[in-house]
Amino acid sequence: MSELPSRDEALAALRAAEQVTALTDSDRRRLVRFTALLGLLVAALFVACWWTVGNDNTVGFTVVMLAYGAVLGALIWWQRRAQAAPRGFARAYGWGLGLTMALYAIGITWVSVTSRQPASPLLVLPYAALVALPCLWAAYRIGRIAR
Amino acid sequence: MTDQQHARFQLDEVIHAPVRFSIVAALAKVDEAEFAAVRDAVQVSDSVLSKQVTLLEQAGYVVVKKGYVGKRPRTWLRLSPAGVDAFQAHLAALRAIAGQ
């Protein structure tokens with residue numbers, strides 16, 4: 001190594017390392033909102049499936065799935081405009097989405113099995129909030145790690 | 001302490017160069033970032049960033065991924081595990097030199 005840093009140069013380098021970042025506030029907000037909206041979308045899908053399956057509404061179910069696909073596609077398109085993701089984003093997002101989808105799958109199994117005697121909205125709506133919760137938690141975590 | 005044990009000998013020669021140090025420092029805070037975001041953060045030209053990233057990639061410190069967003073070609077950069085370790089060791093050596 002030809003040039004070795006002095007104490008002041010080492011301090012300056014450490015300060016520079018703290019300050020430089022490829023992550024903008026805009027990207028951070030975009031990823032937080034994307035993760036939260038994804039959780040709310042899956043929760044809304046669960047409620048819509050319960051409503052349509054419970055009422056034997058095949059056309060309604062088809063419309064719900066098409067709308068879900070369109071909104072999901074738009075959300076992913078919007079999220080992919082982020083130029084950087086904070087360290088830890090993939091992990092928090094993966095856990096949040098994984099748990100939300102697991103709760104969704106359990107919920108769908110439940111409303112399908114009980115479709116002849118549809119579950120009460122007093123049970124379904126709190127469960128939908130539970131479905132969204134992991135993604136909302138992940139969004140909160142992403143907001144915290146990105147600061 | 002012998003000369004070889006001094007903290008300055010623990011500095012990573014690849015990361016020590018100012019532009020490469022800034023690139024690695026910027027990537028240390030993200031899972032991955034687009035080429036343009038790193039260029040703006042480090043405030044260098046495309047050609048300078050491209051050249052330095054190639055050196056970091058050859059050292060095994062940076063992983064380059066090419067793809068598309070819509071029809072637009074994009075390049076994403078991220079630190080490899082070896083890059084993360086090397087950067088942490090480099091920072092530790094700088095802290096030792098700085099007396100922190």
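This report describes how chain B is built and how chain B meets chain A.

The model is predicted: local features need pLDDT of at least 70, side-chain atom pairs count only at pLDDT 80 or more, and totals for chains, interfaces and linings use all residues. Residues are numbered from 1 along each chain as its sequence is written, chains are lettered from A and ligands numbered from 1 in the order in which they are written, and side-chain values use heavy atoms, with hydrogens and water left out.

**Chain B**

Chain B has five helices and three strands. Helices (H or I, at least four residues) and strands (E, at least two) are DSSP runs, numbered from the N terminus. From the N terminus on, the order is α-α-β-α-α-β-β-α. Along the principal axes, the C-alpha atoms of chain B fill a box of roughly 60 × 25 × 20 Å.

Helix 2 of chain B lies across strand 1, strand 2 and strand 3 of chain B. Helix 2 runs at about 90° to strand 3 of chain B. For such angles, axes are lines fitted to C-alpha atoms, for helices over the stretch in contact, and angles run from 0 to 180 degrees between N-to-C directions.

**A sheet shared by two chains**

Which strands make up the open sheet, and in what order? The order of its four strands is 1(A)-1(B)-3(B)-2(B), with antiparallel pairing. Strand 1 of chain A and strand 2 of chain B are the edge strands, and each pairs on one side only. The twist averages 25° from one strand to the next. Two strands pair if DSSP finds at least two bridges between them. Strands of a sheet pair through backbone hydrogen bonds, either parallel or antiparallel.

Now take the pairs in turn. Strand 1 of chain A covers residues 84–86, and pairs with strand 1 of chain B over three bridges. The table lists the partners.

| Residue of chain A | Partner in strand 1 of chain B |
|---|---|
| Ala84(A) | Ala33(B) |
| Ala85(A) | Glu32(B) |
| Pro86(A) | Val30(B) |

Within chain B, two bridges join strand 1 to strand 3, and these strands run antiparallel. Here Glu34(B) stands opposite Trp76(B) in strand 3 of chain B.

Strand 2 and strand 3 of chain B are joined by eight bridges, again antiparallel. Tyr68(B) stands opposite Pro73(B) in strand 3 of chain B. Val62(B) stands opposite Leu79(B) in strand 3 of chain B. The two strands form a hairpin with two residues between them, where Gly70(B) takes a positive phi near 65°.

**The interface**

How many residues of chain B are in contact with chain A? There are 33, and they touch 28 residues of chain A. Contact means heavy atoms within 4.5 Å. The area buried between the chains is about 2,500 Å², and carbon and sulfur atoms give 60% of that area. Buried area is the accessible area (1.4 Å probe) that two parts lose on being put together, summed over both. Lys29(B), Asp31(B) and Ala98(B) supply 24% of the area that chain B buries against chain A, more than any other three residues.

The rule finds zero salt bridges across this interface. A salt bridge is a side-chain nitrogen of Lys or Arg within 4 Å of a carboxyl oxygen of Asp or Glu. Between chain B and chain A, 15 residue pairs are in polar contact (both at pLDDT 80 or more). A polar contact is a pair of N or O atoms within 3.5 Å; within protein, one must be able to donate a hydrogen and the other to accept it, and residues adjacent in sequence count only if both atoms are side-chain atoms.

Several elements of chain B give two or more residues to this side, including helix 2 (18–28), strand 1 (30–34) and helix 5 (81–98). Helix 5 of chain B gives the largest share, seven residues.

**Salt bridges elsewhere**

Over all chains, the search finds five salt bridges. One salt bridge joins the side chains of Asp25(A) and Arg28(A) (3.9 Å, N to O). Both residues lie in helix 2 (residues 25–54) of chain A, three residues apart, about one turn of the helix.
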